[in-house]
Amino acid sequence: MAQIEQSDGGKKKKGAQKKMHIHVDFTPMVDMNMLLITFFMLCTTMIKSQTLSIALPAPPDPDKERSQDNSETVAETKAITLIIDSERDKNGNIVLDENGNSKDVVYYYFGFEPVVTDSKQVIFGQDAAGEPTKVDNTVKAEKFIGNDGSTTQGIRRILHDRNADVLAQLETYKAQWRRGKITDEEYQVEARKIRNDSTISNRPQVTVKATPEASWQSVISALDEMQINQISQYRIGTFTPTDSLLIVDYKRRNPAE
């Protein structure tokens, strides 16, 4: 409540103005603020944290001679390994392109990891026993380009072609969903069955690795490509010294890039 107090300063001069002191009691305002805070806390919807579900690599098996990320558990004809790297300046800052995106490169190879016989020699197309591999495991490089109109480019094209059978079956149900023959719930059920169908022989199994220079944005972009290309079997692998040698060997073989 507001109160107005009059004071003559202790002197009673004829014709002098009386001074008024205004006192405002804020105690009711404090009570009202507490009620408002309680009201908004009870009526506000809390934001739920959004997280990614990532399958981390299993601990290395010391009894097995192959790479540290247990890639031997993946069929050679299905395995794809992506090594994500980002360009950085001399100060360690990520270099951006003209569109403001980080300059990322994706090194990839099919099948098992190429054999490194020493620090200078990398053998492609052979396994650890020196036998020819079933697929060409030569290290190549691509970028995150995505779609240019109706044309799929970059690493998306590589993953799209490897998962072509799954995408073709999904497109059949998607066409029925567009025409209203099946509901969205029915489409999601069928899509889940197709993505997890183990009878599809060439369904890819992707391992994503990141170099110490790779940005978080590049890793998220790689995981987004898994969703875009409907790849259900993928995991985050551990970047090893052998992976570093593979990148060095690729740059040695392709000095212009």
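Before we start: two strands count as paired if DSSP finds at least two bridges between them. Keep that handy, and remember that the model here is predicted.

**Exercise 1. Work out how β10 is joined to β11, and name the bridge partner of Val-206 in β11.**

Solution. Start with the bridge count: β10 and β11 are joined by three bridges. The cut-off is at least two, so the two strands qualify as a pair. Next, the direction: β10 and β11 run parallel. Finally, the partner: Val-206 is matched with Tyr-234 in β11. As for the connection, β10, α5 and β11 together make a β-α-β unit, and a right-handed one.

**Exercise 2. Lay out the order of the strands in the open sheet and find which strands stand at its edges.**

Solution. Write down the order: β7-β4-β3-β10-β11, five strands with mixed pairing. Now look at the ends. β7 (140-142) and β11 (234-236) each have a single partner strand, so one side of each lacks a neighbour in the sheet. For the twist, neighbouring strands are turned against each other by 25 degrees on average, with direction ignored.

**Exercise 3. Show where the mixed pairing comes from by tracing the partners of β3.**

Solution. Take β4 to begin with: β3 (residues 79-86) and β4 (residues 104-110) run antiparallel and are joined by seven bridges. One pair to find in your viewer is Asp-85 with its bridge partner Val-105 in β4. Then turn to β10, which pairs with β3 in the parallel sense over six bridges. Here, Thr-81 stands opposite Thr-207 in β10.

**Exercise 4. Decide whether β10 is largely enclosed or not, and list the strands that α2 and α6 touch.**

Solution. Count the buried residues: five of the six in β10 are buried, so the rest of the structure largely encloses this strand. Now the helices. α2 packs on the sheet and touches β3, β4, β7 and β10 (205-210), with its direction at about 25 degrees to that of β4. Helix α6 (residues 241-253) also packs on the sheet, touching β3, β4, β7 and β10, but its direction makes about 105 degrees with that of β4.

**Exercise 5. Describe the crossing of α2 and α5 and sort its contact residues by class.**

Solution. Geometry comes first: the axes of α2 (residues 154-162) and α5 (residues 216-228) come within 10 Å and cross at roughly 40 degrees. The crossing is right-handed. Then the residues: α2 brings Ile-155, Arg-156 and Leu-159, while α5 brings Glu-225, Met-226 and Ile-228. Sorted by class, that gives four nonpolar residues, two charged and no polar ones.

Key. Residues are numbered from 1 along each chain as its sequence is written. This is a predicted model: local features need pLDDT of at least 70, side-chain atom pairs count only at pLDDT 80 or more; totals for chains, interfaces and linings use all residues. Side-chain values use heavy atoms; hydrogens and water are left out. Axes are lines fitted to C-alpha atoms, for helices over the stretch in contact, and angles run from 0 to 180 degrees between N-to-C directions. Helices (H or I, at least four residues) and strands (E, at least two) are DSSP runs, numbered from the N terminus. A crossing is left-handed if the near helix is turned anticlockwise from the far one by less than a right angle, and right-handed if clockwise. Contact means heavy atoms within 4.5 Å. Ala, Val, Leu, Ile, Met, Phe, Trp, Tyr, Cys and Pro count as nonpolar, Asp, Glu, Lys and Arg as charged, and the others, Gly among them, as polar. Buried means under 20% relative accessible area, exposed over 50%, partly exposed in between (1.4 Å probe, protein chains only). A crossover is right-handed if, with the strands pointing away from the viewer, the path from the first strand over the helix to the second runs clockwise.
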